[in-house]
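Work through the exercises below with the sequence and the model at hand. Try each task before reading its solution.

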Amino acid sequence: MKLKIRNFKIKNNSEIPLIVSGIGNCCGCAQGTLINIGNEDDIQDVINKINSKKGDIIIFSERIDPDFTKIIKISKGVVTLTGGRNSHVSCMTRELGIPAIIGVNSLKIKELFGKKITIDSLAGIMAGGFK
């Protein structure tokens, strides 16, 4: 598998100036709409949104377990509240080459649900808006 690493800097949109940090995982950056997955029951609904909506999706969940594999494979990035470098989601996203930020340090992330964001998994930061 060949990984594509995009070189861009996060530039905050004045409308959404929030920056959230956590443990960077894998390599690269991703841009897309942040979608919250509350539990396993939401997975199929989110997959339907991804298939019907143009644009890229970055998924967020408080925790991610093996049931989330299907949706992680089709997302552009992953953000979680819990986990660490050796957690299941860290290993999975590294193996799939999907940028991820694990263990974000802010509950303010809820303000970004449904909005366009950029994540930089090398630096472990997420910001509202696109470059």
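**Exercise 1. The chain as a whole**

How many helices and how many strands does the protein chain have? Give their order and describe the burial and contacts of the chain.

Solution. The model is a predicted one. Begin with the count: the protein chain has 3 helices and 8 strands. Next, read the order from the N terminus, which is β-β-β-α-β-α-β-α-β-β-β. Then turn to burial: 47% of the 131 residues count as buried. The accessible surface comes to about 7200 Å², and carbon and sulfur atoms account for 49% of that area. Finally, take the contacts with a separation of 6 or more: 59% of them are between residues 24 or more positions apart.

**Exercise 2. The nonpolar cores**

Which residues of the largest nonpolar core touch the most other members? State which elements supply this core.

Solution. This core has 17 residues, and those touching the most other members are I37, I59, I64, F68, I71, I72 and V78. At least two residues each come from α1 (42-52), β4 (57-61), α2 (69-74), α3 (88-96) and β6 (100-102). The greatest contribution is that of α1, with 3 residues. Now follow one member. Beyond four places in sequence, I59 touches L34, I35, I37, I64, I71, I72, S75, G77, V78 and V79. Another core lies apart from the largest one; it has 13 residues, including L34, I58, I117 and M126. As background, nonpolar side chains in soluble globular proteins tend to be buried together.

**Exercise 3. Helix α3**

Why can the buried residues of α3 be said to line one face of the helix?

Solution. First list the buried residues of α3: V89, S90, M92 and T93. Then look down the helix axis: these residues fall within an arc of 170 degrees, so they line one face of α3. Their cover includes β2 (23-25), α2, β5 (77-80) and β6. After α3 comes G97, with a positive phi near 75 degrees.

**Exercise 4. Strands β1, β7 and β8**

In which sense do β1 and β8 pair, parallel or antiparallel? Describe the pairing of β7 with β8 as well.

Solution. Strand β1 (residues 19-21) pairs with β8 (residues 125-128) in the antiparallel sense, over 3 bridges. One partnership here is that of S21 with I125 of β8. On to β7: β7 and β8 also run antiparallel and are joined by 4 bridges. I119 stands opposite M126 in β8. The hairpin of β7 and β8 has 4 residues between the strands, and G124 takes a positive phi near 75 degrees.

**Exercise 5. Two residues compared**

Is D120 buried or exposed? Do the same classification for I23, and describe the surroundings of each residue.

Solution. D120 is in strand β7 (residues 116-120). The cut-off for buried is under 20% relative accessible area; D120 has 15% relative accessibility and therefore counts as buried. A polar atom of the D120 side chain lies 3.0 Å from the backbone nitrogen of L122.

I23 is in strand β2. Its relative accessibility is 27%, so I23 counts as partly exposed. With neighbours within four places in sequence left aside, I23 is in contact with G83, G84, R85, A100, I101, I102 and G124. For a distance along a long sequence gap, take I23 and T80: they are 57 residues apart along the chain, and their C-alpha atoms are separated by 9.7 Å.

Notes: Residues numbered from 1 in each chain as written. Predicted model: local features only at pLDDT ≥ 70, side-chain atom pairs only at ≥ 80, totals over all residues. Heavy atoms only, no water. Buried < 20%, exposed > 50% of the residue type's maximum accessible area, 1.4 Å probe, protein only. Polar contact = N/O pair within 3.5 Å; in protein donor to acceptor, adjacent residues only side chain to side chain. Contact = heavy atoms within 4.5 Å. Areas by Shrake-Rupley, 256 points an atom, 1.4 Å probe, with all protein chains shown as cover. Core = buried A, V, L, I, M, F, W, Y, C linked by side-chain atoms within 4.5 Å. Arc of directions from axis to C-beta. Pairing = 2+ DSSP bridges.
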